[in-house]
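Hi there,

Here is the structure I promised to pass on. My notes follow below it.

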Amino acid sequence: MPKLMTSLQEVNPRVRGIRLSPQSGLHSLAENITRDDIKGAPQPFKELIDVSSGDPQRAGMKPISFIRQVLAVCLCPELLSDEHLPLDVRLRALRLLEACDGESVGSYTTSSGLLYIRQTIAEFIMKRDEGVPACAENIFISSGAQRGLMVIIKLLSGGEGPRQTGVLIPQPCPHALLPLLDEAGVLAVPYRLIEDKNWAVDMSDLERALTTSRGRCEPRAIYISNPGNPTGHLQDRKSIEKVIEFVAAERLLLLIDEVYQDSVYAPNKEFISYKKVLFEMDKHLRDTVELVSFHSLSCASVAECGLRAGYMEVVNMDPGVMHFLDTMLCTDINAPVTGQLALDLMLGPPSPGDPSYNTFVHETLLTRATLAQNSQRALKLLNDLPGMSCRPAMAGIYLYPHLDLPAEIKEQAKTLGLEADVLYCQMLLEEEGLIIGAGDDGTSGSHHLRLCILVPPDTLGEVLSRLSSFHLHLADRKRNRIV
């Protein structure tokens, strides 16, 4: 038999070393269940429901009409003369088409994105941060915030052994973060968030993580998610100031994921950006602390995850380094043009008096109300279930309940080589057709679930019903074994 051109042994060792998120295993199991269902195999549930990741439209949330209408006209310019569409939709589409080379969304853009869109982003940042300067030259559009983060991480990556680049990351963290660091050849240096204090950033644990990492790697950056993914925590000004002082003293690059900045729903809480806080601190800090912030279409207000566009703003970065940042983006040619246009629409929505304004306000307020109401509804049920507890979220689109699982589940998981919360999620999927994310990576010794709550209220009701039924049945099985 002729030898294959490639074999497992010849695959890049770094690629072989990428850790798969438990999410991947759950989706593989879901695909097998779907195939069996197509073949006519009986299932104990009506349909699969996936609330494991931040993809609200997949779960049934509706898109924002203004964004979809403008994109439709950009994709089909003949609609510019269609008077059934609001006038502001057609005028906005015309402006966006004029910003594209050849007045077509099918043309390439510069690797860092359309200048017109980057100027819109800069204007949004200045308005959000109450006048703190922002300029298009410091803004780079990428194929989602995840891609932007990868570009920055790869710029930092280097060395082996004690010289390997390290990045401080929170535990818990977004489920795609660890595979990203593995792909880039960077060592993850975890620091714990304090669950009993609503997942607060613990400065003493940050210092511990940094100190103990030295000798194993060269820590060069810290990743912060604010609002927290998946915890829903929100940092206040004082907490942000402490982190900024910490990175300044330790000469770390500050990487800030602010994708859910539009989804604060806790009473008397508001989002404040790291950049705004930095620029209100002492001059030596605002002139020297290097910061990269990320935002994307995956935010709660539009949730256009599949359009794959985000941006990063760099602060105090050496121009020579920024040149290579642009070079790295060149490998993608450019972010999807429709996604770039959607960024412009997300950050520059209709104004009062525009024909689309009332509909836009109604749709966005409905989304925010759904998120807040779903959070309270789910929180109550989760805290009423035996062996489950959940901290209230302040923002974001997830709840992150703690699981106190029976010893039998833990032993069974250990035998299978799984974390106990992963096994719980697999059983939940097989018995109830419900896909909920397993929470931790197993290094903390605790177990959690990751539940997306930005879904239609009826869908959430079905999710909570199935979860409650499974969880209580699991508890009954435990009691019966004891008897």
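Leaving aside residues up to four places away in sequence, Ala303 touches Pro56, Gln57, Leu297 and Ser298, where contact means heavy atoms within 4.5 Å. Ala303 sits in the loop between E8 and E9; helices (H or I, at least four residues) and strands (E, at least two) are DSSP runs, numbered from the N terminus. With a relative accessible area of 6%, Ala303 is buried (under 20% is buried, over 50% exposed, in between partly exposed; 1.4 Å probe, protein chains only). Its C-alpha atom is 9.1 Å from that of Lys62, although the two are 241 residues apart along the chain.

Before going on, please note that this is a predicted model: local features need pLDDT of at least 70, side-chain atom pairs count only at pLDDT 80 or more, and totals for chains, interfaces and linings use all residues. Residues are numbered from 1 along each chain as its sequence is written, and side-chain values use heavy atoms, without hydrogens and water.

Helix H13 (residues 337-347) is mostly covered, with 10 of its 11 residues buried. Among them are Val337, Gln340, Asp344 and Leu347. The cover over these buried residues includes helices H3 (65-75), H4 (87-99) and H5 (115-128), as well as strands E2 (139-142), E8 (291-296) and E9 (310-315).

Lastly, the crossing of H8 and H9 is right-handed (the near helix is turned clockwise from the far one by less than a right angle; anticlockwise would be left-handed). Met203, Leu206, Glu207 and Leu210 of H8 meet Lys242, Val243, Phe246 and Glu250 of H9.

Best wishes
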